[in-house]
Amino acid sequence: TSRGYAATVSEPVPAARYAARAVVIDDARRTLLFRAKVPGRVGRFIWIAPGGGIQEGEDELACVRRELFEETGLLDPEVGPCVWQRDHTFRWGTGMLRQVESYFVVHTAVFEISTENHEEAEREFLDTHRWFTLEELRSHDETLVPGNFAELLAPLLRGEYPANPVTVGI
């Protein structure tokens, strides 16, 4: 430029999405994760806790209950405390997304997952699901979200919850 200012190309501001997720722990001390396809990245998968976007007029707890029913068939679970928070911006398909998530503990009896209530987008996005023991999570070779899921889960399995939600990374 004529005044010595460098031209900059601004990136579009990522869309913000607020979400609530459940760290589901069953009586066998296993946790439930879903394998999700990453849009725009053929063959790329991540393992995520059940949950999803908070709808207009819905609070986090209502979101967790709704998402658990839609994704697992679990009806009216007792939702425990919020234990983790995550704020992550990432490429999603052809755009960028900033997702702000709260993770809540949900203890349940062992149950069979039902995916019959999945929405169309969930049917395309969620590849499969699996119950994991802590040891299986520690040795799992695909990407867990958050990346240190096993480390974060260990105290929850012992019934040790943080006084305030822990900020977790990618």
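Buried here means under 20% relative accessible area. Keep that cut-off in mind for strand S2 (residues 31–37) of this predicted model: six of its seven residues are buried, so S2 is largely enclosed by the rest of the structure.

**Strand S2 and its partners**

S2 pairs with two strands, S7 and S3. Here's how the pairings look:

| Partner of S2 | Sense | Bridges | Example pair |
|---|---|---|---|
| S7 (residues 126–132) | antiparallel | six bridges | Ala36 and Leu126 |
| S3 (residues 45–48) | antiparallel | four bridges | Arg35 and Trp47 |

So if you're looking at S2 on screen, find Ala36 and you'll see Leu126 of S7 standing opposite. Arg35, for its part, has Trp47 of S3 as its bridge partner.

**Helix H4**

Helix H4 (residues 149–157) has a similar story to tell. Seven of its nine residues are buried, so H4 too is largely enclosed by the rest of the structure. The buried set is Phe149, Ala150, Leu152, Leu153, Ala154, Leu156 and Leu157. Just past the end of H4 comes Gly159, with a positive phi of about 80°.

**The cysteines**

How many disulfides does the structure hold? Zero. Cys63 isn't in one, and the nearest cysteine sulfur, that of Cys82, sits 12 Å away. A disulfide needs the two sulfur atoms within 2.5 Å, so at 12 Å the sulfur of Cys82 is too far from that of Cys63 for a bond.

Are these cysteines buried or exposed? Cys63 counts as buried because its relative accessibility is 0%. Cys82 counts as buried as well, at 16% relative accessibility.

Terms used
Residues numbered from 1 in each chain as written. Predicted model: local features only at pLDDT ≥ 70, side-chain atom pairs only at ≥ 80, totals over all residues. Heavy atoms only, no water. Buried < 20%, exposed > 50% of the residue type's maximum accessible area, 1.4 Å probe, protein only. Pairing = 2+ DSSP bridges.
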